Amino acid sequence: MEKSHIEAAVAKYCSAHGYDRLSVRAAMFDMDGVLFDSMKNHAYSWHETMKHFGFDLPEWEAYMHEGRTGAGTINIVSNRERGHDATEEEIASIYKYKSDLFSTRPTAPRMPGSYELLTKVKECGVTPLVVTGSGQVTLLERLNRNFPNIFCKDLMVTAFDVKYGKPNPEPYLMGMEKMKAVSKESLSENNFIVVENAPLGVQAGVAAGVFTIAVNTGPLPDDALLSQGANILFHSMQEFCDNWEMVAEVLGVVE
Ligand code: MG
């Protein structure tokens, strides 16, 4: 990516939000599809589950729904194919089948480039946060095992913290509040970035007023993320990592 392209994206963001510049102090990372290569497991499980119940949900479409509640995804398909919502019982049994199938899939590995990027981010004095819709109880332990000495438990937003979830800006607004509480500094939107792989996640970051970096780690066209307002886009975490030094300069990262 060209430096001038990032500069133009930052200038556009700043003029839209009334800031002179970005001065990034914290980076809010989504988890599935950003830190872990876990979306293939979700997409496979959704596709096979819906097929089992007589519905059609192609794997690529599951990536479009990433971040939605299970009931939300099921009702979109139910309405499309039957013209009405699924019943509570149907939702419960479909979602249980999906969760059970998902649990049989191999453990998702760390996304290539993600640990290296996080190490660079932290070395620059930028604080990393995790902001995820996931509600796994072992999440912190798994993050610490895969990303040693990177994250802190007071700087995480999970399914247990939020009422609405993405695409609502709530999780990212909460991430900013947690960072303010921990750092005891008065920070604004231009002191943050969001890193997201999903259209609904990009929507949430943009709605929170934060400069949002899309990382297209799945099968969707770039426009699925750019059309939701992503400020810049990388095609992998490795590409983002390789470009970090240049990005950090434009984002006003202070050491
Ligand atoms: Mg994601």
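**Pockets, cavity and metal site**

Tutor: Domain 1 (3-37 + 109-250) and domain 2 (39-103) both give residues to the lining of the largest pocket, so this pocket lies between them. The model is a predicted one.

Student: How do you know which parts of domain 2 and of the rest of the chain take part, that is, which helices supply at least two residues of the lining of the largest pocket?

Tutor: Helices α2, α4 (70-82) and α5 (88-103) each supply at least two residues of that lining. The lining has 40 residues, and those that lie nearest the centre of the largest pocket are Asp32, His42, Tyr95, Gly133 and Ser134. The space in this pocket comes to about 1,000 Å³, and by class its lining has 17 polar, 13 nonpolar and 10 charged residues.

Student: What makes an atom count as a donor of the magnesium ion, and which residues coordinate the ion?

Tutor: A donor is an N, O or S atom within 2.8 Å of this metal. Asp30 (OD), Asp32 (O), Glu66 (OE) and Asn197 (OD1) coordinate the magnesium ion at 2.0 to 2.2 Å, so these atoms meet the cut-off of 2.8 Å. Along the chain, the donors follow the spacing D-x1-D-x33-E-x130-N. The pair Asp32 and Asn197 links distant parts of the chain, since Asp32 is in the loop between β1 (26-29) and α2 (39-52), while Asn197 is in the loop between β4 (192-196) and α9 (199-207), 165 residues apart.

Student: Why are Asp32 and Asn197 called buried?

Tutor: The term applies under 20% relative accessible area. Asp32 has a relative accessible area of 12% and is therefore buried, and Asn197, with a relative accessible area of 6%, is therefore buried as well.

Student: How many cavities of 30 Å³ or more does the structure hold, and what lines the largest cavity?

Tutor: There is 1 cavity of 30 Å³ or more, with about 40 Å³ of space in it. The lining of the largest cavity is made by Tyr63, Glu66, Asn197, Asn216, Thr217, Gly218 and Leu220, and by class these comprise 2 nonpolar, 4 polar and 1 charged residues. Two of these lining residues, Glu66 and Asn197, also coordinate the magnesium ion.

Student: Where does Asn216 lie, and is Asn216 buried or exposed?

Tutor: Asn216 lies in the loop between β5 (211-215) and α10 (223-226). Its relative accessibility is 9%, and the cut-off is 20%, so Asn216 counts as buried.

Student: What makes the approach of the Asn216 side chain to the backbone oxygen of Leu220 a polar contact?

Tutor: The side chain of Asn216 reaches that backbone oxygen at 2.9 Å, and because a polar contact is a pair of N or O atoms within 3.5 Å, the distance satisfies the cut-off.

Student: Which helix gives the most to the lining of the second largest pocket?

Tutor: Helix α1 (residues 3-17) gives the most, with 6 residues. Among the lining residues of the second largest pocket are Lys12, Tyr13, His17, Val206 and Asn231. The space in this pocket is about 210 Å³, and its lining has 7 nonpolar, 3 polar and 1 charged residues.

Terms used: Residues are numbered from 1 along each chain as its sequence is written. This is a predicted model: local features need pLDDT of at least 70, side-chain atom pairs count only at pLDDT 80 or more; totals for chains, interfaces and linings use all residues. Side-chain values use heavy atoms; hydrogens and water are left out. Donors are N, O and S atoms within 2.8 Å of the metal (3.2 Å for Na, K and Ca); water is not among the atoms, so sites may look incomplete. Helices (H or I, at least four residues) and strands (E, at least two) are DSSP runs, numbered from the N terminus. Buried means under 20% relative accessible area, exposed over 50%, partly exposed in between (1.4 Å probe, protein chains only). On a 1 Å grid over the protein atoms alone, a cavity is a set of points where a 1.4 Å probe fits but cannot get out, and a pocket is an open set with protein on both sides within 12 Å along at least five of seven lines; lining residues have an atom within 4 Å of a point. Grid points are joined across faces, edges and corners, and a volume is the space filled by probe spheres set on the points. Ala, Val, Leu, Ile, Met, Phe, Trp, Tyr, Cys and Pro count as nonpolar, Asp, Glu, Lys and Arg as charged, and the others, Gly among them, as polar. Domain bounds come from an automatic or database domain assignment. A polar contact is a pair of N or O atoms within 3.5 Å; within protein, one must be able to donate a hydrogen and the other to accept it, and residues adjacent in sequence count only if both atoms are side-chain atoms.
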